[in-house]
Amino acid sequence: MKFSHSLQFNAVPEWIDKYVAYDHLKKLIFQAEKERVDVANHPQDPEVMSSTASVGESAFLRELDIQLAKVSDFYCEKESELYASIDRIDVALKVYGSHDHAHTFPGANHSHHLNALEKLDSTMAQSYTVEDEKVSTPKRRMSLESRMSDGEHESNLEELVDIRNHLISLYVSLSELESYIELNKSAFQKILKKHDKVLETTLRENYLKKMVLDARPFTAETYQNLRSQIECVERMYAKAFCSGNIHAATRQMRSHLRDQIVYDRNTVWKDMINNERRMLEAHAKDPQPVKSYKLPFINKRITNSAIREICFFLLAVIVFAVLLNVNIFQSRSENYCFALLIFAAIMWATEAIPLYATSLMIPFLVVLLGIVRNTDGSQMAAKAASKAVFGAMFSGTVLMLLGGFAIAAALSKYGIAKAFATHVLSRAGTRPRWVLLSIMFIAAFLCMWISNVATPVLCFSLINPILRTLPDNSPVGPCLILGIALASCIGGMTSPISSPQNIVTIQFMNPSPGWGIWFGVALPIAILSLFVCWGALLLVYRPDRASPHLNKVKATSDPITIPQVFIMLVTIMTIALWCAESSIEDHIGDTGIIAAIPLFVFFGTGILNKEDLNAFLWSVVVLAQGGMALGFAVTSSGLLQDIALRIKDGIQDLAPIAILAIFAFLLLVFSTFVSHTVAALIIVPIVQQVGNQLPVPHANLLVMGAGLACSAGMGLPVSGYPNMSAVMLEGPTGKPYLTTKDFLVTGIPISIFCTILIFTLGYGIMTGVGY
């Protein structure tokens, strides 16, 4: 939770205007930061530049002084008010106590004296325990409560209740005042720390020492006096209502304090949500009401998106039913499998239901339709088919995907990825062209280890200090965001765990290429594509003209910790074993076994916990498993071999490079309009069988080229996770940074160039390694 939200969440609602205006001070810091960047982009007289910087600093200091004075005045006012109330109640208790100061009773047992006053609040009866009775003396003075509750004093019971309520209210108010001091002290510390970090100054130490800590609310003497007053109220309450038992009195009053805090926080939480909604509604975004239609006979409405989903679902079902009754292939299992393949393709391409839901439907239909066959061609029994399908759904490839998630979670949770990125970005300078190149290579590099699903989100947060200081409608913002998205798409081909489609590709390669071969093929293609993409972005957006200098990203200054070193050692060891997989294959058997290392080490040592496990992209895992189940079905039924033989008849006379080019462009088109992962799930199995059926088999060459081509599709906002994340980003006014036109102008040329590199440079490297 951000500190501004934490401050509002923990503040006393009635005092909310008396706390430090943290958000306002933060805006002043960012405004001073923006002015500094504007001055750098518009060189002026040195004296003017110096005066501009001093104006921003003076405005912040002036507002800081105002906030400090506001907090001090309010504290002094509340302190005088509450301390005076304590004195008045003390006098009142002494007056009541003087009525009968001789009442004592031997072996008093509080449980035998539950009176009318106690019945008003169940906490009084519940607060007494066996331990409380043990600490009571054999002979003690009766509490004021007991003495005033006798029959002769029943008329004073109402006044006694009032005194008790006043004491509880005082205890709550004093505790809130103590929290008021702590929250405001933290607010001053954090806002000064942010000021020094953003503006690269050293104001924090001096201002805290000379101004904040010397102010009345924040001195040690003030805090000690406040604590002594809280303890005084506890003693007064204990003497009057708990027979002198301080522990019971404290428990009773704290129960009331907890109730008050729960009530306040629930109220504040609702207010915070309403404020967030109002802020979102206030964005300068053209209102687009959701179109809906009223259904006949029932008082319900249905939206356009729901109609679209229903239509596509019905289309998929109709096509499925028709194909089940049409004999396109020779055997029944092949016909049923073809119907299932087309049904799944339509469902995945249109997203009539969530992608992972379609994947969960596939194993059910595979077994129900009797698609799986034995080696002799007969239909496999349902029980055996179920085991075979489940076996295909969980393989070493899935475990490798989970191992990649574990590494990504550890690197992100402990700030390793962010620390690396900020240190590199801080050395890129302030020229837009170099900042763009740096953030693109950072995105591509991080994709190798934390996948191109998580990397864009991290990189977008890294450039926030730059985005918030840009002028309105500056082309630099869209240029940087689009650069991150396209670099993440390109980075999706760089390692076996950098994207889900690579996991699917490896599943259909035999033998597995290993990390070494994958790096050797993918990295040259990715690096050249990144440079061409960088040049295209500079040509289209010309960021140097719009803003010659950008705000500099600061490197994180946090010290290196032992958990970070441990995570890096485990990660490096895992990657080294993956790279050396071919030489240790006799001992480990599969890359999935190596992937188990980060899983059991990180979760076993507490580096990751149950919440981190729940945060894994399980929808991606299920999607991959559904694709593997479908791949197993089309292979077992014989459909894949039949399709491959028919395709082979038309392309067998072509050179392998031409065949690779055909499939690469086919996948480019498919992955541009549909997600990269879905493209791999549907087409890569067919490519594998075509490669096996060629006169000279080149299955691994075609499969790896096809897998890399899946990442090349980046011409539309729906082309992959990075583009989807980028198109949702909005500026301060709620206007999106990117439109579909941005992707079309830059993304399509880069997609074509990347695809050409795959079947030229990539083909040369793959043939060089024996594929």
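**Figure 1. An aromatic cluster built from F420, F445, W449, W515 and F519.** In this predicted model, ring pairs are what join these five residues: F420, F445, W449, W515 and F519. Searching the whole structure turns up 18 aromatic pairs. Two more of the views below zoom in on pairs of rings.

**Figure 2. W15 meets Y180 edge-to-face.** The ring centres of W15 and Y180 sit 5.9 Å apart with the planes at 90 degrees, so this one goes down as edge-to-face. The pair bridges distant parts of the chain, since its two members are 165 residues apart. W15 comes from the loop between α1 (3-10) and α2 (22-41), while Y180 belongs to helix α8 (residues 157-199). Are W15 and Y180 buried or exposed? Both W15 and Y180 are buried.

**Figure 3. F603 and F616, another edge-to-face pair.** Here the rings are 6.0 Å apart, centre to centre, and the angle between their planes is 65 degrees. F603 is part of helix α26 (residues 591-604), and F616 is in the loop between α27 (610-614) and α28 (618-636), so the pair ties together parts that are 13 residues apart in sequence. The two rings don't share the same surroundings as far as exposure goes: F603 has a relative accessible area of 24% and is partly exposed, whereas F616, with 7%, counts as buried.

**Figure 4. E79 and R216 joined through their side chains.** E79 is a residue of helix α3 (residues 46-97). What is the length of the polar contact between the side chains of E79 and R216? The polar contact is 2.5 Å. E79 counts as buried because its relative accessible area is 5%, under the 20% cut-off. Skip the neighbours within four places in sequence, and the residues in contact with E79 are L177, R216 and T222.

**Figure 5. I168 of helix α8 and the residues around it.** I168 lies in α8, the helix that also carries Y180 from Figure 2. With a relative accessible area of 7%, I168 is buried. Which residues does I168 touch, once those up to four places away in sequence are set aside? I168 touches Y237, M253 and H256. Look for Q252 in this view as well: I168 and Q252 are 84 residues apart in sequence, and their C-alpha atoms are 8.9 Å apart.

**Figure 6. I362 brought together with L630.** I362 sits in helix α14 (residues 355-368). Along the chain, I362 and L630 are 268 residues apart, yet 6.7 Å separates their C-alpha atoms. Not counting residues up to four places away in sequence, I362 touches A344, W348, G626, A629 and L630. I362 counts as buried because its relative accessibility is 2%. For the wider picture, 50% of the 771 residues in the protein chain count as buried. Among contacts in the chain with a separation of 6 or more, 78% are between residues 24 or more positions apart.

**Figure 7. T746 and its contacts.** T746 is found in helix α34 (residues 740-768), in a chain with 34 helices and four strands. The relative accessible area of T746 is 1%, so T746 is buried. Leaving out residues up to four places away in sequence, T746 touches L482, L486, A536, L537, V540 and Y541.

**Figure 8. Inside the largest cavity.** How many cavities of 30 Å³ or more does the structure hold? There are four. The largest cavity holds about 90 Å³ of space. Its lining has 14 residues, and those nearest the centre are L401, F405, S451, I497 and S499. Helices α16 (396-413), α18 (432-462) and α21 (500-507) each contribute at least two residues to that lining.

**Figure 9. Two stretches where pLDDT is under 50.** The protein chain has an average pLDDT of 80, and 85% of the residues score at least 70. Residues 100-145, though, stay under 50. For that stretch the model has 85 contacts beyond four places in sequence. The pLDDT is also below 50 over residues 276-287, a stretch with nine contacts beyond near neighbours in sequence. Why go easy on the fine detail in views like these? Where pLDDT is low, the predicted coordinates shouldn't be read in detail.

Note on methods: Residues are numbered from 1 along each chain as its sequence is written. Side-chain values use heavy atoms; hydrogens and water are left out. Buried means under 20% relative accessible area, exposed over 50%, partly exposed in between (1.4 Å probe, protein chains only). A polar contact is a pair of N or O atoms within 3.5 Å; within protein, one must be able to donate a hydrogen and the other to accept it, and residues adjacent in sequence count only if both atoms are side-chain atoms. Contact means heavy atoms within 4.5 Å. Rings of Phe, Tyr and Trp (its six-membered ring) pair if their centres lie within 6.5 Å; planes under 30 degrees apart count as stacked, over 60 as edge-to-face and the rest as tilted. pLDDT is the predictor's confidence in each residue, from 0 to 100. On a 1 Å grid over the protein atoms alone, a cavity is a set of points where a 1.4 Å probe fits but cannot get out, and a pocket is an open set with protein on both sides within 12 Å along at least five of seven lines; lining residues have an atom within 4 Å of a point. Grid points are joined across faces, edges and corners, and a volume is the space filled by probe spheres set on the points.
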